[in-house]
Amino acid sequence: MTTRKQSAGDIIEARCTKCREVLNHRIVAMVEEKVVRVECNTCKGVHNYYPPPPVKEAKIPRKPAGSKTRATSASPRAAKRDPLEVEREEWASISPTFDHEKAVPYDMNTRFPVRRLVLHTLFGIGIVRAVIVPNKMQVLFKDGIKLLRCSCM
Ligand SMILES: [Zn+2]
């Protein structure tokens with residue numbers, strides 16, 4: 001509450017309806033002690049007096065600084081996987097389906113179609129993954145893919 005007497009012509013702070021800001025206004029009309037109309041010094045608009053909003057010690061609580069910090073610990077996409085590891089996993093996942101009865105003992109003079117089970121004296125049981133002309137085949141063994149000679153053509 002201001003105790004100072006105001007009168008028409010005084011400059012006071014008021015909210016301007018056009019500028020939408022608290023600006024200096026000149027008092028145009030008063031009713032008893034109250035300012036009723038003012039003229040904006042900025043836009044020269046005359047309008048009813050709206051007192052400036054009470055000045056708050058606006059202490060807007062700041063959001064915790066860390067709230068938006070993304071967890072950067074998430075492992076970057078597993079770097080290149082060891083292909084041998086992948087092959088071993090693949091073997092482990094498909095080997096239970098192997099019908100050992102149908103495995104053909106490896107012989108470089110035998111023809112092995114893709115998906116044929118191969119029984120190798122050194123590598124154990126494997127499955128033909130691909131045939132690479134003219135006479136080599138990729139066989140997936142427990143220890144990864146081996147390139148074996150074969151009589152494919
Ligand atoms: Zn104004």
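Let's start with strands E7 and E8. Strand E7, residues 124-132, runs antiparallel to E8, and six bridges join the two. Strands here are DSSP runs of E, at least two residues long, and helices are runs of H or I, at least four residues long; both are numbered from the N terminus. Two strands pair if DSSP finds at least two bridges between them. Within this pair, Ile127 has Leu140 in E8 as its bridge partner. The connection is a hairpin, and three residues carry the chain from E7 to E8.

A word on what we are looking at. This is a predicted model: local features need pLDDT of at least 70, side-chain atom pairs count only at pLDDT 80 or more, and totals for chains, interfaces and linings use all residues. Residues are numbered from 1 along each chain as its sequence is written.

Next strand over. E8, residues 136-141, pairs with E9 in the antiparallel sense, again over six bridges. Met137 stands opposite Leu148 of E9. This hairpin, E8 to E9, has two residues in its connection.

Now zoom out to the sheet. Five strands make it up, in the order E5-E6-E7-E8-E9. The sheet is open, and its pairing is mixed. At the edges sit E5 (104-105) and E9 (144-149), each pairing on one side only.

What packs here? The largest nonpolar core has twelve residues: Trp91, Tyr106, Phe112, Val118, Ile127, Val128, Met137, Val139, Leu140, Phe141, Leu148 and Cys150. By nonpolar core I mean a set of buried Ala, Val, Leu, Ile, Met, Phe, Trp, Tyr and Cys residues joined through C-beta atoms within 7 Å. Buried means that 20 or more other C-beta atoms lie within 10 Å of the residue's own; exposed means 12 or fewer; partly exposed is in between, with C-beta atoms placed from the backbone. E7 and E8 each supply at least two residues of this core. E8 gives the most, with four residues.

Take Val139 from that core. Which residues is Val139 in contact with, leaving aside its neighbours within four places in sequence? They are Val118, Gly126, Ile127, Val128, Arg129, Ile145, Lys146 and Leu148. Contact means C-beta atoms, placed from the backbone, within 7 Å.

There is also a second, separate core of five residues, including Ala14, Cys16, Val35 and Cys40. Ala14 takes us to the other sheet, where Ala14 stands opposite Leu23 in E2.

That sheet is open too, with four strands in the order E1-E2-E3-E4 and antiparallel pairing. Its edge strands are E1 (11-15) and E4, each pairing on one side only. Neighbouring strands are turned by 50 degrees against each other on average, direction ignored. Those angles come from axes fitted as lines to C-alpha atoms, for helices over the stretch in contact, and run from 0 to 180 degrees between N-to-C directions.

Pair by pair, then. E1 and E2 run antiparallel, joined by five bridges. Their hairpin has six residues between the strands, and Arg20 there takes a positive phi near 55 degrees. E2 and E3 are also antiparallel, with six bridges. Here Arg26 has Glu39 in E3 as its bridge partner.

Now the loops, and some backbone to check. Most residues other than glycine have a negative phi. Glu32 is not a glycine, yet has a positive phi of about 55 degrees. Where does Glu32 lie? In the loop between strand E2 (22-31) and strand E3 (34-40). Glu32 counts as exposed because it has 5 C-beta neighbours inside 10 Å.

Lys44 is another case: a positive phi of about 65 degrees, and again not a glycine. Lys44 is found in the loop between E3 and strand E4 (46-48). Is Lys44 buried or exposed? Exposed, because it has 9 C-beta neighbours inside 10 Å.

Last, the whole chain. One helix and nine strands make up the secondary structure. Along the sequence the pattern reads β-β-β-β-α-β-β-β-β-β. Of the 153 residues, 13% count as buried. Among contacts with a separation of 6 or more, residues 24 or more positions apart account for 26%.

Methods. Contact = placed C-beta atoms within 7 Å.
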